[in-house]
Amino acid sequence: MHEVSLMMSIIDTAVKTAEQEQAKRINRIALQIGAKSGVVIDSLEFAFEMVSKNTIAEQATLEIEAIPLMGECLNCGHQFESKEFLICEKCGNFAKVLSGQELNIKSIEVE
Ligand SMILES: [Zn+2]
């Protein structure tokens with residue numbers, strides 16, 4: 001399960017951040033997950049429950065912001081949201097990815 005190893009590195013980063021701030025616990029971890037990042041948000045939440053056990057992140061709130069897949073047409077510049085393929089809805093040309101591949105830690109709150 002990809003989400004478990006991803007969450008392990010997120011918790012690891014959060015714990016290191018807390019140690020740097022000499023914090024006793026982690027209150028909140030906010031993530032940005034793109035629709036095309038390959039990560040299933042439900043699995044990530046489940047992984048968080050598992051991985052945070054017996055760490056200072058155990059009581060933390062996990063906030064996940066889902067970022068939609070957005071494209072910009074290489075031909076006409078039209079920007080649009082898409083579920084699957086990045087083909088312009090106006091002219092049918094290929095589009096480049098603007099967002100949707102994020103796999104970011106947005107913020108970590110410690111105490
Ligand atoms: Zn177009």
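A salt bridge here is a side-chain nitrogen of Lys or Arg within 4 Å of a carboxyl oxygen of Asp or Glu. With that in hand, welcome to a set of close-up views of a predicted model.

**Figure 1. Arg28 and Glu109 meet in a salt bridge.** The N to O distance between these two side chains is 2.9 Å, inside the 4 Å cut-off. Arg28 belongs to strand β1 and Glu109 to strand β6 (residues 103–110), so this contact ties together parts that lie 81 residues apart in sequence. Glu109 counts as partly exposed, with a relative accessibility of 38%.

**Figure 2. Arg28 also pairs with Glu63.** Here the closest N and O atoms are 2.5 Å apart. The pair links distant parts of the chain, with Glu63 in strand β2 (residues 61–67) and Arg28 in strand β1 (residues 26–34), 35 residues apart. Glu63 is partly exposed, at 37% relative accessibility. Put this view beside the previous one and you have a network of salt bridges linking Arg28, Glu63 and Glu109.

**Figure 3. Asp12 and Lys16 form a salt bridge within helix α1.** The closest N and O atoms of the two side chains are 3.0 Å apart. Why does the spacing of these residues along the chain deserve a look? Asp12 and Lys16 are four residues apart in helix α1, which means that about one helical turn separates them. Both ends of the bridge are partly exposed: Asp12 has a relative accessibility of 40%, and Lys16 has a relative accessible area of 46%. As general background, side chains of opposite charge can pair when their charged atoms come close. For the wider context, a search of the whole structure finds seven salt bridges.

**Figure 4. Glu3 is buried and has no salt bridge.** Glu3 sits in helix α1 (residues 2–20). Which side chain of opposite charge is nearest to Glu3, and how far away is it? That side chain is Lys36, at 13 Å. Leaving aside neighbours within four places in sequence, the residues in contact with Glu3 are Gly38, Val39, Val40, Ser43, Leu44 and Ala47.

**Figure 5. Strand β1 pairs with both β2 and β6.** What is the sense of each pairing? Between β1 and β2 the pairing is parallel, over seven bridges, while β1 and β6 run antiparallel and are joined by seven bridges. On the β2 side, Arg28 stands opposite Thr61. The route from β1 to β2 passes through helix α2 (residues 41–52), and this β-α-β crossover is right-handed. On the β6 side, the bridge partner of Leu31 is Ile105. Seven of the nine residues of β1 are buried, so this strand is largely enclosed by the rest of the structure.

**Figure 6. Ile105 in strand β6 has contacts with residues far from it in sequence and in β1.** Leaving aside neighbours within four places in sequence, Ile105 is in contact with Ile10, Thr13, Ala30 and Leu31. Is Ile105 buried or partly exposed? Ile105 is partly exposed, with a relative accessible area of 32%. For orientation, the C-alpha atoms of Ile105 and Met8 are separated by 13 Å, and these residues are 97 residues apart along the chain.

**Figure 7. Strands β4, β3 and β5 make an open sheet.** This three-stranded sheet has the order β4-β3-β5, with antiparallel pairing. The edge strands, β4 and β5, each pair on one side only. From one strand to the next, the twist averages 35°. The pairing of β3 with strand β5 (residues 95–99) runs over four bridges, and Gly71 stands opposite Val97 in β5.

**Figure 8. Strands β3 and β4 form a hairpin.** Strand β3 (residues 70–73) pairs with strand β4 (residues 79–81) in the antiparallel sense, over three bridges. Which residues of β4 face Met70 and Gly71? Met70 stands opposite Glu81, and the bridge partner of Gly71 is Phe80. Five residues lie between the two strands, and Gly77 in the turn has a positive phi of about 80°.

Note on methods. Residues are numbered from 1 along each chain as its sequence is written. This is a predicted model: local features need pLDDT of at least 70, side-chain atom pairs count only at pLDDT 80 or more; totals for chains, interfaces and linings use all residues. Side-chain values use heavy atoms; hydrogens and water are left out. Buried means under 20% relative accessible area, exposed over 50%, partly exposed in between (1.4 Å probe, protein chains only). Lys and Arg count as positive and Asp and Glu as negative; His and the chain ends are not counted. Contact means heavy atoms within 4.5 Å. Two strands pair if DSSP finds at least two bridges between them. A crossover is right-handed if, with the strands pointing away from the viewer, the path from the first strand over the helix to the second runs clockwise. Axes are lines fitted to C-alpha atoms, for helices over the stretch in contact, and angles run from 0 to 180 degrees between N-to-C directions.
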